[in-house]
Amino acid sequence: VLFLQIVHILNMTSAKIVSFLLHPEESLHSLQNRIEFETGISTGNQELLLETGICLDPRKPASQCVIDGVRGWDSYMVYLFDKSKTVYDGPFASRSLSDCVNYIVQDSKIQLPIPQLRKVWAEAVHYVIGLKEDYSRLFQGQRAAMLSLLRYNANLIKMKNNMVSASQQLKAKLEFFHQSIRLDLERYSDQMAYGISSEKMLKAWKEMEEKASQCAQAEDIGYLDEQIMALHTEIVELQKSPYARRQGEVMESLEQRAIDLYKQLKTRPPDHAYSDSTDMVKIIVQTVQSQDRVLKELFGHLSKLLGCKQKIIDLLPEIEVALNNIKEADNSVMQMQGKRQREIWHLLKIACTQSSSRSLVSSSLEGTASTPAATWLPQSSSGSTAPHPLSSLAAPEDGENFADVIQENVNYLELFSSILQEVRQEQSSMMVS
């Protein structure tokens with residue numbers, strides 16, 4: 001018996017406790033199936049929380065419900081919530097009265113012998129203590145729900161900070177992209193008249209600017225930020241609420257009064273005296289009324305906690321979508337920036353190629369202009385040029401030199417044509433890209 005493991009489950013939807021004997025190495029899923037059979041809550045809607053607000057791990061065995069410690073395994077409770085419900089209809093009916101206690105409640109003025117009255121009042125004190133303990137367990141379940149809510153809220157804050165950071169980075173990149181592309185468009189327009197022009201590339205740049213403006217929609221997370229801030233405010237108010245703190249002072253006071261009243265009865269001698277139960281019944285009635293009041297407040301507060309938790313659960317996927325949109329927009333902006341820079345460097349390459357080809361053509365033209373002059377103007381013995389007589393222009397060797405010059409010019413023309421063809425091919429390939 002000492003090695004048996006028993007788990008106590010407090011169903012927060014019905015305020016009833018169900019206990020299960022755990023089998024060795026039983027899985028949590030198996031335990032949840034047994035809980036579904038006892039409570040009617042499906043395994044998919046079950047949320048099992050420890051006192052610390054930690055949800056049970058489905059990958060671990062069911063024995064994680066039983067915690068060894070100073071308090072002992074039998075004093076720990078696991079709190080069961082129904083995830084399909086966010087509004088709990090409490091308060092619930094108080095625990096039922098025993099027959100003898102119900103007898104004196106029905107007629108508090110009935111006279112009973114002292115020995116019999118002691119037994120009845122002992123059960124009455126036990127009933128009052130039980131009412132207080134029922135509230136204490138339910139309050140501990142509410143506290144577990146609050147701690148679970150705070151864990152969800154911490155995760156929400158972390159995701160919100162990541163979203164805000166990513167949005168700010170995207171905003172900065174978009175501002176840089178817009179400024180740089182405007183400057184590029186201005187400089188491109190300035191050189192179109194005397195430099196390189198490409199209507200297809202100009203159109204692509206303008207489309208990039210429009211696409212960047214569309215990417216700016218991804219950085220708009222104001223609607224999510226407002227919802228998160230409103231939810232934070234609501235959670236803070238719930239933490240400050242007096243219903244978030246224990247409200248059982250009245251019940252504890254009534255419990256002490258019932259114990260004192262029973263002690264007074266025990267001191268009376270067990271003679272043939274009789275007495276009624278008016279005072280004890282009054283304590284019982286006040287305790288039941290106090291429990292009804294505090295349970296109504298407790299379950300009202302619990303419903304607000306579960307409502308906030310559901311809002312967080314609904315917000316988390318929206319934040320994930322916003323983060324993915326921001327990442328996609330960020331990647332798109334960086335790709336457009338890289339593409340535009342590659343096109344600028346391609347333009348620079350074409351401009352350098354044209355410049356080198358022009359210098360080559362000009363140098364070749366200068367060479368062809370000086371060669372005929374040298375052939376047509378013979379050197380004098382002193383090295384200076386002198387007017388030639390008309391008969392000297394018809395020498396056979398002069399005709400041969402003229403033919404060589406023509407052939408050289410033809411070769412330069414073919415080289416220049418090939419250079420121009422390469423430049424046109426590079427321009428067409430840039431327009432296609």
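**Entry 1: a surface patch**

Which residues form a nonpolar patch on the surface? I looked this up first, in what is a predicted model. The patch consists of Val1, Leu4 and Leu21, and together they have about 310 Å² of accessible area. I then picked out Leu4, which sits in the segment before E1. Its relative accessibility is 41%, so Leu4 counts as partly exposed; the label "partly exposed" covers values between 20% and 50%.

**Entry 2: the whole chain**

Next I stepped back to see the chain as a whole. I found eight helices and six strands in its secondary structure. Reading from the N terminus, I noted the order of elements as β-β-α-β-β-α-β-α-α-α-α-β-α-α. The chain has 433 residues, and 36% of them count as buried. About 25400 Å² is exposed by the chain, with carbon and sulfur atoms supplying 55% of that area. I also checked contacts between residues with a separation of 6 or more: 81% of these come from residues 24 or more positions apart.

**Entry 3: the four-stranded sheet**

In what order do the strands of the open sheet of four lie? I wrote down E2-E1-E4-E3, with mixed pairing. Strands E2 (16-22) and E3 (46-49) are at the edges; each has a single partner strand, so one side of each lacks a neighbour in the sheet. From one strand to the next, the twist averages 30°.

Then I followed the pairing at one edge. E3 and strand E4 (residues 78-82) run antiparallel, and four bridges join them. Two of the residue pairs are easy to look up: Leu49 has Tyr79 in E4 as its bridge partner, and Leu48 stands opposite Leu80, also in E4.

Two helices pack on this sheet, and I looked at each in turn. Helix H1 (residues 28-39) touches strand E1 (5-11), E2, E3 and E4, and its direction makes about 140° with that of E2. Helix H3 (residues 114-191) also touches E1, E2, E3 and E4; here I noted an angle of about 70° between its direction and that of E4.

**Entry 4: side chains along E3**

Which way do the side chains of E3 point? A rule helped me here: in a regular strand, side chains alternate between the two faces of the sheet. In E3, Gln46 and Leu48 point one way, while Glu47 and Leu49 point the other way. I checked their burial as well, and all four residues are buried.

**Entry 5: salt bridges**

How many salt bridges does the structure hold? The count is 14, and I followed up three of them.

My first pair was Arg34 and Glu26, whose closest N and O atoms are 2.9 Å apart. Arg34 is partly exposed, with 22% relative accessibility. Glu26 has a relative accessible area of 6%, which means it is buried, since the cut-off for buried is under 20%.

My second pair was Glu255 and Lys132, which meet in a salt bridge at 3.1 Å, N to O. This pair links distant parts of the chain: Glu255 is in helix H6 (residues 249-267) and Lys132 in helix H3, 123 residues apart. Are these two buried or exposed? I found both Glu255 and Lys132 buried.

My third pair was Asp134 and Arg137, with 3.3 Å from N to O. They are three residues apart in helix H3, so about one helical turn separates them. Asp134 is buried, at 18% relative accessible area, whereas Arg137, at 27%, counts as partly exposed. Both belong to a network: salt bridges that share partners join Arg95, Glu133, Asp134 and Arg137.

**Entry 6: back to helix H3**

I ended with one more residue of helix H3, Ser189. With a relative accessible area of 43%, Ser189 is partly exposed. How far apart are the C-alpha atoms of Ser189 and Leu202? They are separated by 9.2 Å, and the two residues lie 13 residues apart along the chain.

Key
Residues are numbered from 1 along each chain as its sequence is written. This is a predicted model: local features need pLDDT of at least 70, side-chain atom pairs count only at pLDDT 80 or more; totals for chains, interfaces and linings use all residues. Side-chain values use heavy atoms; hydrogens and water are left out. Two strands pair if DSSP finds at least two bridges between them. Axes are lines fitted to C-alpha atoms, for helices over the stretch in contact, and angles run from 0 to 180 degrees between N-to-C directions. Contact means heavy atoms within 4.5 Å. Patches are made of residues with over 30% relative accessible area and no salt bridge: like charges are joined within 9 Å, nonpolar side chains (Val, Leu, Ile, Met, Phe, Trp, Tyr) within 5 Å. Accessible areas come from the Shrake-Rupley method with a 1.4 Å probe; for residues, only the protein chains shown count as cover. A salt bridge is a side-chain nitrogen of Lys or Arg within 4 Å of a carboxyl oxygen of Asp or Glu. Buried means under 20% relative accessible area, exposed over 50%, partly exposed in between (1.4 Å probe, protein chains only).
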